[in-house]
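This report goes through side-chain contacts, backbone geometry and enclosed spaces in turn. The sequence and the structure come first.

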Amino acid sequence: MPKINHEILSWARKTTGLSVEIAARKLGIRDGRTARAADKLLAYENGTKNPSESMLFRMSKVYRQPLLTFYLEKPPRKGDRGQDFRTITDLEFMTEENFYADVLIQEIKARQSILKESLMEEDETIPLAFIGKNTVAHGVAKVLETVREIVDINLDEYRKQVDHRQAFRFLRQRAESSGIFVLLKGHLGSYHTNIGLNVFRGFTLSDEIAPFIVINDQDNHAAWSFTLLHEITHLVLGQTGISGSYTSGVEETEKFCNDVASRFLLPEEEFEAFKLSGSEFEQIKNDITNHALSRKVSSTHIAYRLYLRGDIENSLWTRLRDFYRKQWLRNEQRRKEKNKNIKIDPQVVNRYRLGTLLPLVKRLTYSKILTTTKAAMLLDIHPLKVHPLFEISSTA
């Protein structure tokens with residue numbers, strides 16, 4: 001069993017603004033004959049007593065922190081994100097969600113560390129040659145060639161998928177087969193800690209053995225494939241960092257990654273053949289939507305390419321971007337209303353968000369390399385749910 005960092009227990013409580021007395025009550029700690037509830041909590045925080053597993057899970061819920069946070073060497077530091085590729089525009093909206101992003105990155109780093117250690121114990125540490133293979137100086141065309149080698153797909157087959165979600169699944173499988181772990185995660189365990197797109201769309205943890213990409217699943221499904229390719233480009237450049245806006249006002253490295261991802265999904269020679277059929281907003285909007293659907297990319301992506309090419313002005317690009325965003329939000333609301341009475345097994349959702357990490361953790365657990373507790377940390381679930389999740393993955 002890994003060792004709890006008692007300093008973080010105190011830090012986690014304080015970040016929620018809870019006093020010792022109120023936190024003890026929320027955690028279900030009661031006064032005893034020899035010690036008050038608050039004193040019992042303080043004993044956990046100063047290290048004179050170790051909390052039970054059930055208490056740690058209650059703390060995780062009350063403090064809104066991933067369980068893995070309590071095992072970190074030190075509390076997450078603000079800004080400890082590797083390279084920050086976000087712009088001033090992204091940073092204008094900083095709220096507590098930015099803090100949640102810091103905690104999320106630290107959590108994924110801890111999971112990466114446990115996984116890498118386990119792979120080394122199993123002697124499965126073959127370095128991935130594409131990590132840091134290129135630099136920006138190599139140019140977009142050369143880096144695009146490397147990305148295409150990693151994600152070896154037939155673009156026509158990608159576009160034949162029934163919808164954006166299935167197209168992303170198709171692309172993700174190719175990326176994961178190359179050794180990249182791709183997670184979908186946009187909160188710390190509940191909607192109370194949702195992290196908005198203004199804070200991050202994706203981030204990478206570059207590593208030759210266990211590289212991770214995390215995609216904010218609060219985003220439009222149509223944008224997931226672009227984000228995945230954007231973050232793969234960061235890995236090819238050997239970069240660990242967090243990304244924000246993928247549209248206007250981005251810094252140079254982000255623009256470079258945008259160009260690679262965009263040309264992967266919409267090759268330059270093909271896009272050159274696409275022309276708008278009219279100048280009215282409705283006609284432009286429809287042309288863009290139809291072209292985007294046929295190529296399994298977002299409408300915003302097409303609009304941005306048209307703006308870069310000079311076909312539309314900045315004011316129209318901004319209007320289109322805002323329109324597509326509002327349209328997606330409306331559709332999401334309708335979808336939620338339609339499905340509100342449909343029960344979705346959270347384990348099925350977990351399986352989808354975890355990707356190839358799940359079968360690997362399952363194998364390492366059954367081979368006794370991982371304990372159930374460590375497996376739970378890697379999968380970000382309660383230990384009691386580990387084996388039921390394994391069973392679901394076997395029947396999927």
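## Salt bridges within helices

Glu176 and Arg172 are both buried. In this model, which is predicted, their side chains meet in a salt bridge, with 3.3 Å from N to O. Both belong to helix α9 (residues 164-177), where a spacing of 4 residues separates Glu176 and Arg172 by about one helical turn. Arg172 has a further contact, for its charged end sits over the ring of Tyr352, 5.5 Å from the ring centre.

A second pair within one helix is formed by Glu145 and Lys142, whose closest N and O atoms are 3.9 Å apart in a salt bridge. These two residues lie 3 residues apart in helix α7 (residues 140-150), again a separation of about one helical turn. Glu145 counts as partly exposed because its relative accessibility is 40%, and Lys142 counts as partly exposed at 36%.

## Salt bridges across the chain

The search of the whole structure finds 19 salt bridges. One of them joins the side chains of Lys116 and Asp207, at 2.9 Å from N to O. This pair links distant parts of the chain, since Lys116 is in helix α6 (residues 96-121) while Asp207 is in the loop between β3 (202-205) and β4 (212-215), 91 residues apart. What relative accessibility does Lys116 have, and how is it therefore classed? The value is 26%, so Lys116 counts as partly exposed, whereas Asp207, at 13%, counts as buried.

Returning to the pair in helix α9, Glu176 and Arg172 meet in a salt bridge. Elsewhere, Arg159, Glu270 and Arg295 are joined into one network by salt bridges that share partners.

## Aromatic pairs

The count of aromatic pairs comes to 10. Phe281 and Phe323 form one that is edge-to-face, with 5.9 Å centre to centre and 90 degrees between the planes. Because Phe281 lies in helix α13 and Phe323 in helix α15, this pair ties together parts that are 42 residues apart in sequence. Phe281 counts as buried, with a relative accessibility of 13%.

Tyr307 and Trp317 form an aromatic pair that is stacked, at 6.2 Å centre to centre and 15 degrees between the planes. Tyr307 lies in helix α14 and Trp317 in helix α15, so the pair ties together parts that are 10 residues apart in sequence. Tyr307 is partly exposed, with a relative accessible area of 26%, whereas Trp317 is buried, with a relative accessible area of 0%. Ring pairs also link Phe281, Phe323 and Tyr324 into a cluster, and the charged end of Arg319 sits over the ring of Phe281, 3.7 Å from the centre of that ring.

## Positive phi values

Most residues other than glycine have a negative phi. Lys296, however, has a positive phi, near 55 degrees. Its place is in the loop between α13 (281-295) and α14, and at 10% relative accessibility Lys296 counts as buried.

Lys368 also has a positive phi, near 70 degrees, and is placed in the loop between α17 (357-366) and α18 (372-379). Is Lys368 buried or exposed? At 73% relative accessibility, Lys368 counts as exposed.

## The largest pocket

The largest pocket has a volume of about 1700 Å³. Its lining is made up of 43 residues, of which Arg165, Asp217, Arg335, Val349 and Arg353 lie nearest the centre of the pocket.

Which helices each supply at least two residues of this lining? They are α9, α10 (221-236), α15 (314-339), α16 (346-354) and α17. By class, the lining of the pocket has 16 nonpolar, 13 polar and 14 charged residues.

## Cavities

The count comes to 2 cavities of 30 Å³ or more, and the largest cavity has a volume of about 70 Å³. The residues that line the largest cavity are Phe226, Lys255, Asn258, Asp259, Ser262, His301, Tyr304, Arg305 and Leu308.

Two helices, α11 (252-265) and α14 (299-309), each supply at least two residues of the lining of the largest cavity. Divided by class, this lining has 3 nonpolar, 3 polar and 3 charged residues.

Technical notes:
Residues numbered from 1 in each chain as written. Predicted model: local features only at pLDDT ≥ 70, side-chain atom pairs only at ≥ 80, totals over all residues. Heavy atoms only, no water. 1 Å grid on protein atoms, 1.4 Å probe; cavity = no way out; pocket = protein on both sides within 12 Å on 5 of 7 lines; lining within 4 Å. Points joined across faces, edges and corners; volume = space filled by probe spheres on them. Nonpolar A, V, L, I, M, F, W, Y, C, P; charged D, E, K, R; others polar. Salt bridge = Lys/Arg side-chain N within 4 Å of Asp/Glu carboxyl O. Buried < 20%, exposed > 50% of the residue type's maximum accessible area, 1.4 Å probe, protein only. Phe/Tyr/Trp six-rings, centres within 6.5 Å; stacked < 30°, edge-to-face > 60°. Lys NZ or Arg CZ within 6 Å of the ring centre and 35° of its normal.
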